[in-house]
Amino acid sequence: MGRKHRLIVGVSGASGIALAEALLRELRGHEDWETHLIMTAGARITAEYELSPERRSLEALADVTYRESDIAAAPASGSFHTDAMIILPCSMKTLAGIHSGYAENLLLRAADVTIKERRPLILCPRETPLSPIHLRNLQELSLMGVSVVPPMMTFYGGERTIDDMIRHFIGKLLDQLHIDCDYQRWGES
């Protein structure tokens, strides 16, 4: 067996930390994938608000973790082979940094490397309403090949609870990387 697939999971300070938690929990069940977590200081603050104390340590769910300030960490280099990067949730500050190439921390540098190496980068923006600046940044990044997958609520699969909707979103997100996830797909019963 060759090396595991490597996925960088970036978590910024936008609301929606439970989505990142669900993604990391799902990926723990995929033995052929290795997760590399980068959390911003803002993400840690948001986790304090959004997650109960026993759920705040996303680091425990990842295979490898990095400090946001460690600009010399492996994901800062194109020679560190990864298969993709997901930023969930992606704040508009992080989006603007990626759009402008302002790689002031490891999360932004890893995204910059992912784009320059032409690896899949998936951004899950969390903001509403979106300003013309947000829309321009998203559109221009999408034209560069970045996938934009906003966390949207779904109802067609019989989702009744927030956990059901999170499960459906994580399935749709992992479909982008052809990672199988059991969720209710359209037309399947």
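Me: Which residues touch the most other members in the largest nonpolar core?
Reply: In this predicted model, the largest nonpolar core holds 32 residues, and those touching the most other members are V11, L23, L58, I86, L88 and L173.

Me: And which elements give two or more residues to this core?
Reply: On the strand side they are β1 (5-11), β2 (33-39), β4 (84-90) and β5 (121-125), while the helices are α1 (17-28), α2 (41-50) and α6 (162-175). The largest share comes from α1, which supplies six residues.

Me: Take L88, then. What does L88 touch, leaving out residues up to four places away in sequence?
Reply: With those sequence neighbours set aside, L88 touches G10, V11, L19, A20 and L23, and also C124, P151, F169, I170 and L173.

Me: What lies apart from that core?
Reply: Another core of 22 residues lies apart from the largest one, and I8, Y66, A73 and L123 are among its members.

Me: You listed C124 a moment ago. How many disulfides are there?
Reply: The count comes to zero disulfides.

Me: Why is C124 not bonded to the closest cysteine?
Reply: The closest cysteine sulfur to that of C124 belongs to C90 and is 7.9 Å away, which is too far for a bond because a disulfide needs the two sulfur atoms within 2.5 Å. C181 is in no disulfide either, since the nearest cysteine sulfur, that of C124, is 13 Å from its own.

Me: Are those two, C124 and C181, buried or exposed?
Reply: C124 has 0% relative accessibility and therefore counts as buried, the limit being under 20%. C181 is buried too, with a relative accessible area of 2%.

Me: Different topic: how many helices and strands does the protein have, and in what order do the elements run?
Reply: The protein has six helices and six strands, and from the N terminus on they run β-α-β-α-β-β-α-α-β-α-β-α.

Me: What about contacts far apart in sequence?
Reply: Taking the contacts between residues at least 6 apart in sequence, 77% of them join residues that are at least 24 apart.

Me: What radius of gyration does the protein have, and what would a compact globule have?
Reply: The protein has 16 Å, which agrees with the value near 16 Å that a compact globule of 189 residues would have. The C-alpha trace spans about 45 × 45 × 35 Å along its principal axes.

Me: Last one: how much is buried, and what is the accessible surface?
Reply: Buried residues make up 45% of the 189 residues, and the accessible surface comes to about 9,800 Å², with 52% of that area belonging to carbon and sulfur atoms.

Methods: Residues numbered from 1 in each chain as written. Predicted model: local features only at pLDDT ≥ 70, side-chain atom pairs only at ≥ 80, totals over all residues. Heavy atoms only, no water. Core = buried A, V, L, I, M, F, W, Y, C linked by side-chain atoms within 4.5 Å. Buried < 20%, exposed > 50% of the residue type's maximum accessible area, 1.4 Å probe, protein only. Helix = DSSP H or I, 4+ residues; strand = E, 2+ residues; numbered from the N terminus. Contact = heavy atoms within 4.5 Å. Rg over C-alpha atoms; globule rule 2.2 N^0.38 Å. Areas by Shrake-Rupley, 256 points an atom, 1.4 Å probe, with all protein chains shown as cover.
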